[in-house]
Amino acid sequence: MELRYFFALIILNLSIEWVIARNNHTFPDGFLIGTASSAYQVEGAWNTNGKGPSIWDNFTHEHPYFVVDRSNGDVAADSYHKYNEDIDLLNEIGVDHYRLSLSWPRILPNGFSNRINRDGIDYYKRILNGLREKNIEPVVTLYHWDHPQILEEMGGWTNELIVEWFADYSRIVFRELGDKIKYIATINEPIMICEGYAGTEKAPGKKILDIGKYICLQNILKAHATAYHIYDEEFRAKQGGKVGIVIPCPGMFPKTEQDTEATDTGYQYICGLVAHPIYSKNGDYPEVIKTRIGENSKLQGYAASRLPELSQRWIQYIKGSYDYFGLNHYSSFLVEAVPKKNGSLWYNDCGVKLSFDPKWPTAASSWLKVVPEGFAWTLNKIRTEYENPPVYVMENGYSDTGELQDHKRIDYLQSYMKSMLKAMYQDGCDVRGYTVWSILDNFEWERGYTEKFGIVNVDFNDTNRPRKLKLSALWLKNVIRARRLEPIIDAAPIVLSL
Ligand code: NOJ
């Protein structure tokens, strides 16, 4: 063969490989695909076998009108009793991992470590062992919004002592259950927890000026970092797990060409407020947010910023307290700058307004717009902001009203996974795992049972809470089996037998 043909062939070959790599719909080796739940949303058994009340028990019992259908998690999907059936379902779908959370008041009924509820520990041991037997990797969140009510009587996340209370609780979990856990998420969605101190949508439903939520955030950062260091110093060598936090980061798109800077500010206010102190090179809150809240506080006559300053010692202690970035991603916003007039406050403490593009399709949850490209945007923002940390997507999912033939959920998941793979193969984002929210229809907080995220249907009108796989569960099963998004070959065609 003439030399020039030989070289032409090589170049052709390389270009084909390059195109394939860029459009790869295959999950890399070792990539984890799974699904998730959280204790209060599925367990029920709110006062069974020694469990103490959580802030969500209290909130829904004392103020039922704060939940649209006046429902609560007293029974929920009854996973406390039906966990074996749940593990069978997970096994049937073939997931690599299952993300669940532990109920703090099931383990420590009065919040403190002097009284451990053995039933709680044993319950979680049975689940963790059951998952291992089926080769399903447990991903365990220590805290998914349901701290013991008694701690709330003492201020909950607005009392700095909670840093120690959470540290004690974490240490007990590591000691009692840590040998069965390789992936630990300390705290789920700090910013949403702290909404509980800014209004009545989320428990505990306290509106404490515009200060409570920032004190809450700071204590969460400290509690997370303390738990991370306890694991690092006392348990890592023996247990060898990974510890991170879970942050909700939506996509952000400029509303007009002039809004690129505003887009970054919007990101820093929603995602960066928690991510920057932990994952950035310098730590601490994002500068732009510190400045704007500081200026507003001054104009309001406060002696210090409503966003309390972090000391140098805490900045250093919080910075780098991670083994991975836990990301929850569902939707996106359009962002526009709201110009500040002299003597007036920065709009919403950050100077940007968030809205939706009317063209974006909506799920059953009004906040959930279908914008798959926002997922790649978010992953890339994390890559560039924090030097490409390993990311585990801890939640991504779609709400509807409970259809079994949930084609819209499949379309959503498919398009979002595609966007994620693009971010990985084309842009080099280091994504290691992906988790569908949720395994089961469950208690969707202030929306009660009116918005369904499950890939498995639960009949909440039947006391037995029977489960039924939805079409999306079978679709996910095929994706996991083929380990590629499309075309799905080598997998049995989807059959739905109901
Ligand atoms: C994030 C929360 O972690 C989860 O509890 C909730 O159900 C989903 N978002 C859907 O809103």
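## Ligand site

In this predicted model, a nitrogen atom of the ligand lies 3.4 Å from an N or O atom in the side chain of tyrosine 330. Oxygen atoms of the ligand also approach polar side chains: one is 2.8 Å from an N or O atom of the glutamine 41 side chain, and for the side chain of glutamate 444 the corresponding distance is 2.5 Å. On its own the ligand has 290 Å² of accessible area, and the protein covers 95% of this area.

The residues that surround the ligand are Gln41, His144, Asn188, Glu189, Asn328, Tyr330, Trp367, Glu395, Trp437, Glu444, Trp445 and Phe453. Among them, Asn328 belongs to the range of strand 7 (residues 324–328) and Glu395 to that of strand 10 (residues 391–396), while Trp437 falls within strand 11 (residues 431–437).

## Glutamine 41

Glutamine 41 is placed in helix 2 (residues 39–42). Its relative accessible area is 1%, so the residue counts as buried, the limit being under 20%. In addition to its approach to the ligand, the side chain of glutamine 41 forms a polar contact of 2.8 Å with the side chain of serine 38 and another of 3.4 Å with that of asparagine 442.

Beyond its neighbours within four places in sequence, glutamine 41 is in contact with Ala76, Ala77, His144, Trp437, Asn442, Phe443, Glu444 and Trp445. Several of these contact partners also surround the ligand, including His144, Trp437, Glu444 and Trp445.

## The barrel

Eight strands form a closed barrel in the order 1-2-3-4-5-7-10-11, with parallel pairing. Neighbouring strands of this sheet are turned against each other by 25° on average, direction ignored. Helix 6 (residues 118–133) packs on the sheet and touches strand 2 (97–101) and strand 3 (137–143). The direction of helix 6 makes about 155° with that of strand 3.

Strands of a sheet pair through backbone hydrogen bonds, in either a parallel or an antiparallel arrangement. Here, strand 7 (residues 324–328) and strand 10 (residues 391–396) are paired in the parallel sense over four bridges. Within this pair, glycine 326 stands opposite tyrosine 392 of strand 10.

## Threonine 435

Threonine 435 lies in strand 11 (residues 431–437). Is this residue buried or exposed? Threonine 435 is buried because its relative accessibility, 1%, is under 20%. Its side chain reaches the backbone oxygen of valine 393 at 2.6 Å, and valine 393 falls within the range of strand 10 (residues 391–396).

Leaving aside neighbours within four places in sequence, the contacts of threonine 435 comprise Gly34, Thr35, Ala36, His97, Arg99, Val393, Met394, Glu395 and Asn396. One of these, Glu395, is also among the residues that surround the ligand.

## Glutamate 160

Glutamate 160 is located in the loop between helix 7 (149–152) and helix 8 (162–177). Its relative accessible area of 43% lies between the limits of 20% and 50%, and therefore glutamate 160 is classed as partly exposed.

A polar contact of 2.9 Å joins the side chain of glutamate 160 to that of lysine 222. Apart from neighbours within four places in sequence, glutamate 160 is in contact with Asn219, Lys222 and Trp314. Glutamate 160 and leucine 485 are separated by 325 residues in sequence, and their C-alpha atoms are 46 Å apart in space.

How values were computed
Residues are numbered from 1 along each chain as its sequence is written. This is a predicted model: local features need pLDDT of at least 70, side-chain atom pairs count only at pLDDT 80 or more; totals for chains, interfaces and linings use all residues. Side-chain values use heavy atoms; hydrogens and water are left out. Two strands pair if DSSP finds at least two bridges between them. Helices (H or I, at least four residues) and strands (E, at least two) are DSSP runs, numbered from the N terminus. Axes are lines fitted to C-alpha atoms, for helices over the stretch in contact, and angles run from 0 to 180 degrees between N-to-C directions. Contact means heavy atoms within 4.5 Å. Buried means under 20% relative accessible area, exposed over 50%, partly exposed in between (1.4 Å probe, protein chains only). A polar contact is a pair of N or O atoms within 3.5 Å; within protein, one must be able to donate a hydrogen and the other to accept it, and residues adjacent in sequence count only if both atoms are side-chain atoms. A residue is near a molecule or strand if one of its heavy atoms lies within 4 Å of it. Accessible areas come from the Shrake-Rupley method with a 1.4 Å probe; for residues, only the protein chains shown count as cover.
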